[in-house]
Amino acid sequence: MKRTLILITTILVVVSATAATPLKKIKTATPAQVTRVEPLSWWTGMKTDLQLMVQGKDIASYNVSFEGQDGISVTSVTLTDNPDFLFADVCISDGLQPGTYYLVFTPKGKGKPFKYPYIIRERRKGSAERESYTTADMIYLIMPDRFANADPSNDNGWPAGRKYEDGSAMPYAIPPMLQKMDRDSTLGRHGGDLQGIIDHLDYIADLGATAIWNTPLLLDNQDFESYHGYACADYYHIDPRFGDNAMYKSFVEKSHEKGLKVIMDIVTNHCGTEHWWMKDTPAKDWYHTFDTYTQMNALFSVYMDPHASVRDLERQESGWFVPMMPDMNLDNPLVLKYFQQWAVWWVEYADLDGLRVDTYPYNEPGPMSEWCKAVLNEYPNLNIVGECWDMHIPQVAYWQKDNPNVNGFNSNLPSIMDFPLQSAMWTALCEENINWDEGMTRIYTVIAQDFAYKDLDNMMIFFANHDHARTGDVLRGDPRKVKLALTLLATLRGIPQIYYGDEMMFREKPVEWNDGSKRIDFPGGWAGDEADLFSAEGRAAAGKTSDADYTSAADLHDYAAKLFNWRKTSDAIHHGKTLHFLSRKNVGRRNITDNTYAYFRYTDKEAVFVYINNTEEPRALDWNHYREFVDGPVTGVNVMTGEKVVLKDGVTVAPKSSLIVQFAR
């Protein structure tokens with residue numbers, strides 16, 4: 001259940017407690033005296049108020065202040081029921097110069113003061129106005145552990161006793177890595193790392209992607225299934241099996257050099273049971289607790305349901321995601337502030353281009369609305385997409401910013417993931433013997449309900465992500481269907497996202513069927529791999545082997561690359577409206593869809609005509625069907641072949657294929 005903060009004491013700081021002791025004579029804190037200070041650093045010129053969380057043995061028994069400098073001061077201190085923590089509100093003047101400043105801790109009774117260095121950096125020019133991902137982008141989703149292993153030396157973390165040093169703050173020891181590399185285990189660590197992604201940025205850019213979304217890279221130290229990163233053990237440090245903070249920052253810089261934006265996957269709803277604060281919790285109500293283990297009920301409807309019980313609502317908000325993931329209490333203002341600053345810190349530190357929020361509707365809606373508002377107050381143009389996994393369109397639309405919800409709730413969340421469209425695409429492409437509401441009618445029906453969404457430009461569309469089965473398996477290993485899925489993804493409204501390898505019809509190779517078996521290693525990312533699908537030569541060679549999974553890799557890759565590189569140039573796709581058509585045919589007394597789907601994406605100056613033939617028979621266009629958009633034959637360019645084509649009666653589209661024609665209006 002939700003709890004309020006059990007004990008908070010706020011102390012206004014009005015005098016210096018160390019006026020008699022010069023700063024240079026005060027000793028630096030030992031790790032026991034100050035175990036950690038978060039955020040690790042801050043910047044000049046920020047709108048976000050700074051609140052430092054300080055952990056140290058009996059640190060609550062000390063007064064805290066910034067000494068020896070003007071322009072930075074502690075204005076108040078909040079204490080909780082844990083004497084090992086204090087929360088210091090810091091005021092930074094507009095004229096403060098970047099540099100190292102010192103927090104001074106003075107005992108309230110007997111004892112000597114000690115100091116802790118805190119870095120205030122110069123903010124990069126134009127940081128607040130940074131642009132983000134839009135409909136002009138294609139996002140490539142990577143699970144780093146399964147993408148490429150360029151540095152085998154970090155496969156099991158760092159040697160015991162080594163310090164994690166990123167230059168941001170006083171280093172402290174990372175605990176021994178609980179889960180070691182085991183590439184034979186579907187749920188084990190496989191060794192992929194940041195350097196592996198850096199080494200293959202050209203592959204990603206050449207595919208036509210313009211942004212990268214990595215699943216979480218922060219420390220996940222569970223003893224089981226830690227490869228995915230969703231059970232965070234430290235919100236301010238990259239997992240050493242991937243690299244370190246400095247390498248992550250370098251990865252973002254190198255991505256930008258290749259024209260690739262970077263989106264960070266963050267989790268505000270839960271941490272992992274191996275998080276450091278599970279052993280020394282900042283407050284008793286820092287996360288939700290129950291008399292017995294209570295799991296969330298996955299009832300997203302409770303937020304907009306006028307008939308929902310309080311019991312169901314509280315379980316949805318406060319129940320744990322799974323036993324290894326404690327549910328954070330965002331109703332505690334200190335927790336909420338912690339996560340607001342944390343997101344801002346990573347955007348500023350690493351120069352990020354956007355965020356993706358995991359399990360968004362599992363959070364408390366009110367605090368998460370405030371979270372979004374705070375992040376966007378610092379970065380007005382930043383895009384944030386939330387995972388709202390629901391197949392009911394009204395319940396997905398509920399979570400988008402400024403949606404006219406009956407209960408007045410505004411999430412302040414700019415972008416949402418289009419799970420209803422994802423489900424419709426998969427189902428439609430697999431249906432052969434269909435009724436009137438099946439096949440391509442499913443996609444038509446989802447698009448027809450676009451009136452429910454507040455901002456169509458901020459819908460992330462996809463046919464799979466890391467939580468889904470592999471598209472190659474769902475579409476039964478048929479490369480023609482994969483091309484149809486790619487065509488839909490590239491030409492429908494919204495921001496497209498591809499899950500790594502789906503551009504080449506990756507398929508599961510399970511020792512056992514589980515989430516890990518979906519997240520296969522990218523062939524060529526490990527030394528000694530039999531196939532190398534990162535290179536054109538490797539893809540061509542793979543097509544000549546007996547491994548049926550990769551015989552279509554080269555053809556599919558080239559199709560996707562041509563399609564998404566063209567997409568970069570099309571304003572009609574980025575910003576155009578949609579006019580769509582569904583064909584029917586009579587079979588006896590039944591009127592059913594003929595399993596084709598056609599639509600125009602258009603602006604005042606250009607148009608793109610897309611025809612999807614999801615049948616085993618060729619289909620000839622009846623242009624009279626589309627005459628309301630453009631009368632008479634129209635000449636354009638076949639996007640995939642570059643050839644001139646005249647759209648008119650009789651143009652034939654082959655079985656299980658598409659036609660994409662761009663023309664001027």
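These legends accompany close-up views of a predicted model.

**View 1. The second largest pocket and its lining residues.** The second largest pocket encloses about 310 Å³ of space. Its lining is made up of 18 residues, and those closest to the centre of the pocket are Phe321, Met325, Asp467, Asp515 and Arg519. By residue class, the lining of this pocket divides into eight nonpolar, four polar and six charged residues.

**View 2. Helix H8, residues 419-430, and the elements packed against its buried residues.** The end C-alpha atoms of H8 are 17 Å apart, which agrees with the 16 Å that its twelve residues should span at 1.5 Å a residue. Ten of the twelve residues are buried, so that H8 is mostly covered. The buried residues are Phe419, Pro420, Leu421, Gln422, Ala424, Met425, Trp426, Ala428, Leu429 and Cys430. They pack against four helices and two strands, namely helix H7 (393-397), helix H9 (441-448), helix H10 (471-474) and helix H11 (479-491), together with strand E20 (415-417) and strand E21 (459-462). At the N-terminal end of H8, Asp418 acts as a cap, with a side-chain oxygen that lies 3.1 Å from the backbone nitrogen of Leu421.

**View 3. Lys481 of helix H11 and its contacts.** Lys481 is found in helix H11, one of the elements against which the buried residues of H8 pack. With a relative accessibility of 4%, Lys481 counts as buried, because it falls under the 20% cut-off. When its neighbours within four places in sequence are left aside, Lys481 is in contact with Leu429 and Cys430, as well as with Glu432, Leu475, Arg476 and Lys656. Both Leu429 and Cys430 are among the buried residues of H8.

**View 4. Ile197 in helix H1 and its surroundings.** Ile197 has its place in helix H1, which comprises residues 194-199, and at 0% relative accessibility Ile197 counts as buried. Apart from its neighbours within four places in sequence, Ile197 is in contact with Ile142, Pro144, Phe147, Ile204, Asn214 and Phe251. As a reference distance, the C-alpha atoms of Ile197 and Tyr626 are separated by 45 Å, the two residues being 429 residues apart along the chain.

**View 5. Buried residues of helix H4 and the loop that holds Thr359.** In helix H4, which covers residues 310-318, Gln316, Glu317 and Ser318 are buried, and helix H6 (365-378) is included in what covers the buried residues of H4. Thr359 lies in the loop between strand E18 (354-357) and H6. The phi angle of Thr359 is near 40°, a positive value in a residue other than glycine, and at 4% relative accessibility Thr359 counts as buried.

**View 6. Backbone details at Pro39 and Asp58.** The peptide bond that runs from Glu38 to Pro39 is cis, with omega near 0°, and Pro39 is placed in the loop between strand E3 (36-38) and strand E4 (42-43). Asp58 is found in the loop between strand E5 (50-55) and strand E6 (62-66). For Asp58, which is a residue other than glycine, phi takes a positive value near 50°. With a relative accessibility of 35%, Asp58 counts as partly exposed, because this value lies between the 20% cut-off for buried and the 50% cut-off for exposed.

Note on methods: Residues are numbered from 1 along each chain as its sequence is written. This is a predicted model: local features need pLDDT of at least 70, side-chain atom pairs count only at pLDDT 80 or more; totals for chains, interfaces and linings use all residues. Side-chain values use heavy atoms; hydrogens and water are left out. On a 1 Å grid over the protein atoms alone, a cavity is a set of points where a 1.4 Å probe fits but cannot get out, and a pocket is an open set with protein on both sides within 12 Å along at least five of seven lines; lining residues have an atom within 4 Å of a point. Grid points are joined across faces, edges and corners, and a volume is the space filled by probe spheres set on the points. Ala, Val, Leu, Ile, Met, Phe, Trp, Tyr, Cys and Pro count as nonpolar, Asp, Glu, Lys and Arg as charged, and the others, Gly among them, as polar. The expected span of a helix is 1.5 Å times one less than its number of residues. Buried means under 20% relative accessible area, exposed over 50%, partly exposed in between (1.4 Å probe, protein chains only). Contact means heavy atoms within 4.5 Å. A polar contact is a pair of N or O atoms within 3.5 Å; within protein, one must be able to donate a hydrogen and the other to accept it, and residues adjacent in sequence count only if both atoms are side-chain atoms.
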